[in-house]
Amino acid sequence: MTQTRMTDPTRAETTTEMSPLAPDPGALAADEPGWLADLRRAGLSVYRARGLPTVKVEAWKYTNLAGLKKIPFVLDDGSLPAAAGRGALALALADAHEITLVNGRPVAVPDSLPAGVRVVSLAHLLETEPAAVEPHLGRLADLSDAPMGSLNAALMADGVVIQVDAGVALDRPLHLVTVTAAPDQARHMHPRHLVILGEGADATLVESRVTAAGAAETLSNAVTEIRLEARARLRHLRFVNPGPDAVDLDLTEAVLAEQAHYEAFGLTLGGRLVRNESRVRLRGSGADARLHGAYGLRAGQHADTTLIVDHAVPDTTSDQLYKGVVDEGGKGVFQGKVIVRRDAQRSDGNQLHKALLLSRNAEVYTKPELEIYADDVKCSHGATAGEMDMDQLFYLMARGLAEADARALLVEAFLDDVVESVPEGPVRDAFLSAVRAWQAGRHAVTWEGSA
Amino acid sequence: MAATQDTIDRIAEVSGAYKYGFVTEIESEKAPKGLNEDIIRFISAKKAEPEWLLDWRLKAYRFWLTMSEPDWAKVGYPPIDYQDAYYYAAPKSKDDAPKSLDEVDPELLRTYEKLGIPLREQEMLAGVAVDAVFDSVSVATTYKKKLEEMGVIFCSISEAVRRYPDLIQKYLGSIVPYSDNFFATLNSAVFTDGSFVYVPKGLRCPMELSTYFRINERDTGQFERTLIIADAGSYVSYLEGCTAPQRDENQLHAAVVELVALDDAEIKYSTVQNWYPGDAEGKGGIYNFVTKRGACRGRNSKISWTQVETGSAVTWKYPSCVLQGDNSVGEFYSVAITNNAQQADTGTKMIHIGKNTRSRIISKGISAGRADQTYRGLVRMMPKAEGARNYTQCDSLLIGDRCGAHTVPYIESRNPTAQVEHEATTSRISDDQLFYCLQRGIPEEDAVALIVNGFCKEVLQTLPMEFAVEAQKLVGISLEGSVG
C-alpha cells in the first residue's frame, strides 16, 4: 500500500450508465406549475450528468453508494396504508405536537396548533397554493453540486411544510416521526421538507427517523430547506435510528438572517448506511450555528456526517462538535468544513470531532476542513481518534467496577458529554436513554458473542 | 499525442536514422521541442542508459498518456502545453550567461545582499559565467574525496546509473512507482538528472550533504530525480536548494525525490525553496509540482522532512512518509509563505503500516497579499499499525484581508490502538504584538518578520544551523511589502 494518491475532489464520475434510481425524464409529473417542472428538470440533469456519486467524488470519498446499484429499488408510490404505523423505535415524547410520515408522506398531523403555526403536507400545498411554496422550494438550497440532492428535486413527491409566523414562539416541540416502510419490495423515496421561521420566531423541531418492522430495503433521500429570518431561533434535534436494511441520506440546507440561531443536534444509532449532510449559510451578521451530534455504530453500519458552515458576512459564529463510538465492523465518517468568505471579518468558527474505536475492525475517517479568505477571524479545528483511555479504565476498575461495566460507563460518558449540549428537557432525556439502550444492546451482543 | 511531422523530421535529421537510432553523438544543444517516445529514446541514449531504464521510461510515458492532469488541488494556472517544451537540453553554454554581476537584475542583488551571501556565491547563484575555480568548488572537491573514502556515494543520478546500476535498479521507482501520479509519471519518463546518495551500513555521514557541493553539476534541469538510500544503522542529513533566489528559466518543475531508510537508519531531508514566484501581479514564476516520498523500510528507521517554501508561483507538494518498519518514525516540519499572487497547496502524508510507528506533523502557513495557501495532509492508520501515534498541528497566519488560508486534513483510523490527534488554528498577527514592537522603536516590517519568525520557530529550529539563520532572514524578505 505505498500508493496513496489523494482522490480528485472536483471531477465527478460522468456515467452514461443510468443507475436504477434515475427516472426517465418523461416520467416526471406533467401537470405541474412551470417553475416546479423547471426545478425537476434541473435536478434531473445534474443527476444524469454526475450519476450516483462514487468515492472518486471528494464529497463522497469515504461513503460508497455502489452497493445501491445491486438492490432492485422501486420508487415509492404512496400506496402504503397509514397503518404502517409509528415505529416503535421513535423517541417517546409525550408532550409534543406529533406529525407522522410514512415514506415521506404525512399521514397524521396534529389537530391543534397554536396560532401562527402551520404544518401542512407539501404535496397538498403544491396542489392548492403553489404560490406559498414557490419563493422557497429549491431556492434555499443550491444543489447543483449535489447529485443526490438533485435527484430529490427531480423525484420529490411529498414532505412537510412548517411555517412559524414572526414573533411566535412554539410552546411544545414539533415531533416529526418519519417511518420508512417497504413490506413487499425495496423502495426508494425522496421526502422534501421546508421549514420557515419568521422574524423572532422560536421553535423546537424534533425528528425521529425509524423503519417499520419487517421492512425490505429502503432508501430515503431527503432534502430539508430551512429559512430563519432575523432573530429567529430553531432547535433542530434529530434521532436517526432506522433499521438494519435502511439507507438514509439526508441533506439539510439552512439559511440564517441577522441574529438568527440554528442549534442542531443529531444522534445516529441505526441504519445500514446513513449520511447526514448539513449546509448552513450565515447570511446576516450575528447569525450563529451550532451543529452538534453523536453517533454509535456496530457491525454493518456506516454513518457519515458532512457539515459545511459558510460564514458569508462579518460577525458570525459557528460551532461543530461531534463525537462517535464505533464498535466491531462499524465505519464512521466525519467531514466538516468552515468557509469564511472574503470580508467576513470577525467570524468565529470551531470544529471538533472525537472518535472512540472500540474494536479491531472499527474504522473512522475524518476530514475537518477550513477554507478562509479573511484575516480577522478565529477558526480552529481539532480531531482525535483512538481507543479508550487505559488510565480512566484503570481508575474505575481500581474502585471495584468490573471491566465490562467500567468500559460501558466510559462509552456512555464519552457520548453523554456531547448529548448534554441539548437543552435540558424531555428531548435530552430521551436522547440519553437512547444512548443507554444502545449501550445495553452492545453489551448484550458482547455477552452472546462470548457465550 | 503523436509526434508532429516536424519533430520526426528533425530527429531523423540529427540522429541520422529515425527510430532507435540515437547511438551516435550529436552536436545539437537541445532535442527538438515536444514529447514522444523518440525524445525519450534520445534522452536515454544521450545518457548511455541501460536497456531496462529505457524500457522503464517508455512504460512510464505510455502510462502517462492515459492519465489526466490532477485538478483537485486548490491552485489555478493556465493549461500547460506539454508538447511546447524542450525535454532535453545539454548543459548551457557559458556564452549566454551574464558576464559579471553588473549584468544581473539589481533587484536580485539587493536580496542577496540582505541575505548576506558572499560575492562569489552571488555570482554562482546568479549564473555568472566564472571560469576560474571558485572557493566553494574546491571545498566541494575536498569534501567529495573525504566522503568517498568513507564509502558514501554522492553523485549525480546519471553517474550512478553508470557506476552503481544494481542499486539504481533495485531502488529507483520503488518508493514512487512510475505510475504514481501525473507529474511523477512524467518525471519518470523524461528525468534528466538529480542526486544520488548511498550511505553504507552503520555510518553516520559526517557532514551535511548539500547540492552546494555538486556545483559543477548544477544544471540539473526541470525534471530532477533524487534517490537517497540510508543502509542499516546509518544517518544522513541532506540539504536541497538554497536560500537565495535562483536564476531559473524553466517554468515547470516536476521533480521526484525518493528516500529509503533501512533498519535503524535515519534520513533528514531539508529543503529551502525560493524559486522565482512571479511578479507582484502574478506574471511568470515557477510551477513547482513535486512528488517527495520516503519509505521507512526498516525497523526503528526515521525520516524527517523539513521544508521552507517561499518561492514558486504555484506549489503542489506533499513530502510523505510510508512507515513500514516497526517503531519507525516520520516527521514533517513545514513553513510555507505565500505573498502577492502565489498559490501553494502543500502538506504531507503519513502512512502508518508497522507497529508502534510514530509521526509528527508541524505545519505553519503564512499567507499575505492576494495569495492562497492550502495545507493538505493525510494520516492513515492501517489495521496492523498497533500502538501507532500521530500528532498534527497546522497553524495558519493571514496577513491582510485579500489572502486565503485553507486546511484540509484527512484522518483515517483503522486500528483502535492507534492514536491520532489533529489541531489547527487560523489567526492574524495580533495588533497587540505589533504595537508592542513598534513602541520599542522596531520598524513595522522588522516587527512583522520578528513575529512571523516566532510563529515559525518550531520548524526553523529543525533546520541545520547555518540554514536556519538564512531561513530566518528569508522569512522577513518574503513578506516585504505585505504590511503598511
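What share of the contacts in chain A with a separation of 6 or more comes from residues 24 or more positions apart? The share is 84%, where a contact means two C-beta atoms, placed from the backbone, within 7 Å. The model is a predicted one, so to speak with its own filters: local features need pLDDT of at least 70, side-chain atom pairs count only at pLDDT 80 or more, and totals for chains, interfaces and linings use all residues. Residues are numbered from 1 along each chain as its sequence is written, while chains are lettered from A and ligands numbered from 1 in the order in which they are written.

Chain A first. It holds seven helices and 21 strands, these being DSSP runs numbered from the N terminus (H or I and at least four residues for helices, E and at least two for strands). Of its 451 residues, 54% count as buried, meaning that 20 or more other C-beta atoms lie within 10 Å of a residue's own (12 or fewer is exposed, in between is partly exposed, with C-beta atoms placed from the backbone). The domain assignment splits out domain 1 (36-284) and domain 2 (390-451), with bounds that come from an automatic or database domain assignment. The C-alpha centres of these two domains of chain A sit 30 Å apart. Where they touch, domain 1 puts in twelve residues and domain 2 puts in ten. On the domain 1 side, strand S11 (233-240) and S13 of chain A are the elements giving two or more residues, and S11(A) gives the most, with three.

Strand S13 (residues 261-268) of chain A is also home to Gly266(A). That glycine counts as buried because 25 other C-beta atoms lie within 10 Å. Setting aside neighbours within four places in sequence, Gly266(A) is in contact with Arg238(A), Val240(A), Asn276(A) and Gly293(A). The C-alpha atoms of Gly266(A) and Glu207(A) are 9.3 Å from each other, with their positions 59 residues apart along the chain.

In domain 2, helix H5 (residues 390-398) and helix H6 (residues 403-419) of chain A have axes that come within 9 Å and cross at roughly 130 degrees. Axes here are lines fitted to C-alpha atoms, for helices over the stretch in contact, and angles run from 0 to 180 degrees between N-to-C directions. H5(A) and H6(A) are therefore oblique to each other; under 35 degrees would be roughly parallel, over 145 roughly antiparallel, 65 to 115 roughly perpendicular, and the rest is oblique. H5(A) passes H6(A) in a right-handed crossing, that is, with the near helix turned clockwise from the far one by less than a right angle (anticlockwise would be left-handed). Gln392(A), Leu393(A), Leu396(A) and Met397(A) of H5(A) make the contact with Glu403(A), Ala406(A), Arg407(A), Leu409(A) and Leu410(A) of H6(A).Chain B has its own helix pairs. The axes of H2(B) and H3(B) come within 10 Å and cross at roughly 150 degrees, and these helices are therefore roughly antiparallel to each other. H2(B) passes H3(B) in a right-handed crossing, with Glu37(B), Ile40(B), Arg41(B) and Ser44(B) meeting Leu53(B), Leu54(B), Arg57(B), Leu58(B) and Tyr61(B). Helix H10 (residues 431-439) of chain B and H11(B) have axes that come within 9 Å and cross at roughly 130 degrees, which makes H10(B) oblique to H11(B). This crossing of H10(B) past H11(B) is right-handed.

Helix H9 (residues 182-190) of chain B is mostly covered, with eight of its nine residues buried. Those buried residues pack against helix H2 (37-46), helix H3 (51-65), strand S4 (225-230), strand S7 (256-261) and strand S9 (287-296) of chain B.

Between the chains, the contact takes 43 residues from chain A and 44 residues from chain B. Strands S19 (348-357), S20 (363-372) and S21 (378-386) are the elements that give two or more residues to the chain A side, and S20(A) gives the most, with ten residues.

Finally, the largest nonpolar core has 245 residues; such a core is a set of buried Ala, Val, Leu, Ile, Met, Phe, Trp, Tyr and Cys residues joined through C-beta atoms within 7 Å. Leu256(A), Val197(B), Ala230(B) and Leu259(B) have the most contacts inside this core. Helix H11 (residues 444-460) of chain B supplies its largest share, eight residues. Domain 1 and domain 2 of chain A both give residues to this core, so it lies between them.
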